Number of protein chains: 2
Amino acid sequence: MNLTDAKKQFIQAWGTLGSEWGINRTMAQVHALLLISPNALCTEDIMEQLNVSRGNANMNLRELMNWTLINKELVPGDRKEYFIAVKDIWEIARIIARERKRREIEPVLKVLNGLKVIEGDQKDKEVKAFTETVNNLSNFVGKMDKSVDMMLKADENWFFGTILKMIK
Amino acid sequence: MNLTDAKKQFIQAWGTLGSEWGINRTMAQVHALLLISPNALCTEDIMEQLNVSRGNANMNLRELMNWTLINKELVPGDRKEYFIAVKDIWEIARIIARERKRREIEPVLKVLNGLKVIEGDQKDKEVKAFTETVNNLSNFVGKMDKSVDMMLKADENWFFGTILKMIK
DNA sequence: ATAAACTTTCAGAAATAATTGAAAGTTTAA
DNA sequence: TTAAACTTTCAATTATTTCTGAAAGTTTAT
């Protein structure tokens, strides 16, 4: 396969993955494009290569900046902004884990903890079933949260080293 | 807080989490409702409690059956189908992990592996950057895949026991 | 100052996804 | 049979998300 087709397939695949994750498809595609670019690209480059409008390109670049998945790069003697992606996969994984924890795990944990104590007779099976499920979930999600924290602090080799060793 | 409000909040929170995951909001809400119900519910119950149409209720119940997150329960002397959720949180986690692995990790891994070898001069920086990113990603996603496999085989206490011990 | 170069915003348009509800299909009891 | 009870389907509608592009905003060089 040639580079041009391979790039297209990669960008396409990354975009699909993104949307299955609840991440904007174009944002994922912009990310993919920058991931495989040896040098920084400007808004125009993105617009051309992905066939998207200026507004769309701009918005998704900002969002990727918010996630800290990409950085601005200033080219001396050029007024345009250029963007370059974080290339270290473990760093990318940590950024995504951090962001998803913040958006998904933490708010749910907060709600669950707020629902732990409810009024009513604990002998009522409705009340009992509710309390039990909420407690079990809160306990489980809490452990997930802690596990992600650990991953965020850990070093890649140690993390996968330990995890994958368990498999054997 | 009283049970009725607590239920509503729980269903709402679970629905939001679902849509952040790329899972149909109503499917997540039906799941939430069944999770906290001490007994099996029928389509009518779901329609009433969530204010959704018959078609919608039916489709999402089927989808939850596909995921194996809920089961049919037959009530003797009643022709209706009743549904009851898997209540064990670890079992639920495994089902979701299995399904997301199948839908997200596996297809991407397949594409990545197909892109590992491309034509062109390895000294060309475009080619080099592409190959490097694809190889790194493929390696990383492969490890994720293996890690999920391990989790699927493991027992909850052992899994979190080991993971959380690492944190200390 | 001001004009060119560049970035951001945002109302409307387009695309995508979810939902409805009635009709068609299926099963069961008598 | 057949008719009632129940489930499934799907075309049309509604809701939600994403995208466009032109206008407004900002920065920089002269």
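Here is a short chat about a predicted model, its sheet in chain B and its DNA strand C.

Colleague: What should I keep in mind about the numbering and the model?
Modeller: Residues count from 1 along each chain as its sequence is written, and chains are lettered from A in the order in which they are written. The model is predicted, with local features needing pLDDT of at least 70 and side-chain atom pairs 80 or more, while totals for chains, interfaces and linings use all residues; side-chain values use heavy atoms, without hydrogens and water.

Colleague: Why do E1(B) and E3(B) count as paired?
Modeller: Strands are DSSP runs of E with at least two residues, and helices are runs of H or I with at least four. Pairing requires at least two bridges found by DSSP; E1(B) and E3(B) have two, in the antiparallel sense, so they pair. Leu41(B) stands opposite Phe83(B) there.

Colleague: What makes E1 and E2 of chain B edge strands?
Modeller: Each pairs on one side only; the order is E1-E3-E2.

Colleague: Why is Asn58(A) said to make a polar contact with DNA strand C?
Modeller: A polar contact is a pair of N or O atoms within 3.5 Å; within protein, one must be able to donate a hydrogen and the other to accept it, and residues adjacent in sequence count only through two side-chain atoms. A polar side-chain atom of Asn58(A) lies 2.4 Å from a phosphate oxygen of DNA strand C, so the pair qualifies. For Thr26(B), the distance to a phosphate oxygen is 2.6 Å, and Arg79(A) has a side-chain N or O atom 2.9 Å from a base nitrogen.

Conventions: A residue is near a molecule or strand if one of its heavy atoms lies within 4 Å of it.
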